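Open your viewer and keep the selection box at hand. We will go from stop to stop, and at each one you select something and look.

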Amino acid sequence: MWAMFDDEGRISVIYQGQPGQTAADLEEIYGNNFIEGASDGSVNWENTWVDGSSLATRTDLFATWDATTVAADGVSEIVLSGLPIPCTVLIDYTHSVEVTDGSLEFTADSPGTYSVVVDEVAYIKQEWSVDAI
C-alpha cells in the first residue's frame, strides 16, 4: 500500500499499487511524492502524515477557548489558545488567519455561528463553532 503526499507531508490518497511497483514508479506516473505504508488499512489521511521520510501518527490538538460566545460588536474578543506555532486557522472555510504566537483572538462584526478550523499536518483536524450574539 502506498500513500501519496504533498511537500508538507499531508497524505491525499492511499493507493494499493501493483506487485513490484516502487515509489519511483508511482512518482513518475502521478508526479507526486509516495511512501510505502502498512497494508492493514491503518494508514489514512485523517490519522497519518509523512514526517520527513517516515509515516507518523497525527496527534490530538489540545487548543481551548476562554469562552464559546462573543458579542457581535467588532470589539469584544474570545481567545483560542494552545495552537501550534505557526499555524493557519480557517474562519468559515473562507478567511484564513496566520497564528504565530499560539493564540487566536476572535472578534465578530455580525451575529451568527462561525466555524473555526485548524488542520495542521501533524495534528488531527479540529473544528469549533463560535456564536456571535
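**Stop 1: a pair of strands.** Select β6 and β8. These two strands run antiparallel and are joined by 2 bridges. Now pick out Trp65. Which residue in β8 does Trp65 stand opposite? The partner is Leu80. Before you go on, note that this is a predicted model.

**Stop 2: add the third strand.** Keep β8, residues 78-81, and add β11. Here 4 bridges join the two strands, and they run antiparallel too. Find Leu80 again: in β11, Leu104 stands opposite Leu80.

Now show the three strands together. They form an open sheet in the order β6-β8-β11, with antiparallel pairing. Why is one side of β6 and of β11 left without a neighbour in the sheet? Strands β6 (64-65) and β11 (103-106) stand at the edges, and each has a single partner strand, so one side of each stays free of a sheet neighbour. As background, strands of a sheet pair through backbone hydrogen bonds.

**Stop 3: the two faces of β8.** Show the side chains of β8. They alternate along the strand. Ile78 and Leu80 point to one face and are buried. Val79 and Ser81 point to the other face and are not buried.

**Stop 4: the largest core.** Select Trp65, Leu83, Val89, Leu104, Phe106 and Val116. These residues have the most contacts inside the largest nonpolar core, which has 21 residues. Next, colour the elements that give two or more residues to this core: β8, β9 (87-91), β11, β12 (112-118) and β13 (126-132). In soluble globular proteins, nonpolar side chains tend to be buried together.

Zoom in on Phe106. What does Phe106 touch, leaving out residues up to four places away in sequence? Its contacts are Trp65, Val70, Ser76, Glu77, Ile78, Ile91, Tyr114, Val116 and Val130.

There is also a second, separate core, with 6 residues. Select Ala3, Ile11, Ile35 and Val43, which are among them.

**Stop 5: a network of charges.** Select Arg10, Arg58 and Asp119. Salt bridges link these three residues in a network. The count of salt bridges comes to 2. Side chains of opposite charge can pair when their charged atoms come close.

Start with Asp119 and Arg10. In this salt bridge the closest N and O atoms are 3.4 Å apart. The pair links distant parts of the chain, 109 residues apart. Asp119 lies in the loop between β12 and β13, and Arg10 in the loop between β1 (2-5) and β2 (11-15).

Move on to Arg58 and Asp119. Their closest N and O atoms are 2.8 Å apart. This pair also links distant parts of the chain, with the two positions 61 residues apart. Arg58 sits in the loop between β5 (54-57) and β6.

Turn on the surface. Are these three residues buried or exposed? Asp119 is partly exposed, with a relative accessible area of 28%. Arg10 is partly exposed as well, at 24%. Arg58 has 6% relative accessibility; the cut-off for buried is under 20%, so Arg58 counts as buried.

**Stop 6: out to Thr113.** Select Thr113, found in strand β12. The cut-off for exposed is over 50%, so Thr113, at 53% relative accessibility, counts as exposed. Leaving out residues up to four places away in sequence, Thr113 touches Asp92, Ser129, Val130 and Asp131.

Now draw a distance from Thr113 to Ile29. Their C-alpha atoms are separated by 44 Å, and the two residues are 84 apart along the chain.

**Stop 7: the whole chain.** Zoom out and switch to a cartoon. The chain has 1 helix and 13 strands. Trace it from the N terminus: two β elements come before the α, and the other elements that follow are β. The radius of gyration is 19 Å, well over the 14 Å that the globule rule gives for 133 residues, so the chain is more spread out than a compact globule. Along its principal axes, the C-alpha trace spans about 60 × 25 × 25 Å.

Finish with the surface on. The chain exposes about 7700 Å², and carbon and sulfur atoms supply 49% of that. Buried residues make up 34% of the 133 residues.

Terms used
Residues are numbered from 1 along each chain as its sequence is written. This is a predicted model: local features need pLDDT of at least 70, side-chain atom pairs count only at pLDDT 80 or more; totals for chains, interfaces and linings use all residues. Side-chain values use heavy atoms; hydrogens and water are left out. Two strands pair if DSSP finds at least two bridges between them. A nonpolar core is a set of buried Ala, Val, Leu, Ile, Met, Phe, Trp, Tyr and Cys residues joined through side-chain atoms within 4.5 Å. Buried means under 20% relative accessible area, exposed over 50%, partly exposed in between (1.4 Å probe, protein chains only). Contact means heavy atoms within 4.5 Å. The radius of gyration is taken over C-alpha atoms; the globule rule is 2.2 Å times the number of residues to the power 0.38. Accessible areas come from the Shrake-Rupley method with a 1.4 Å probe; for residues, only the protein chains shown count as cover. A salt bridge is a side-chain nitrogen of Lys or Arg within 4 Å of a carboxyl oxygen of Asp or Glu.
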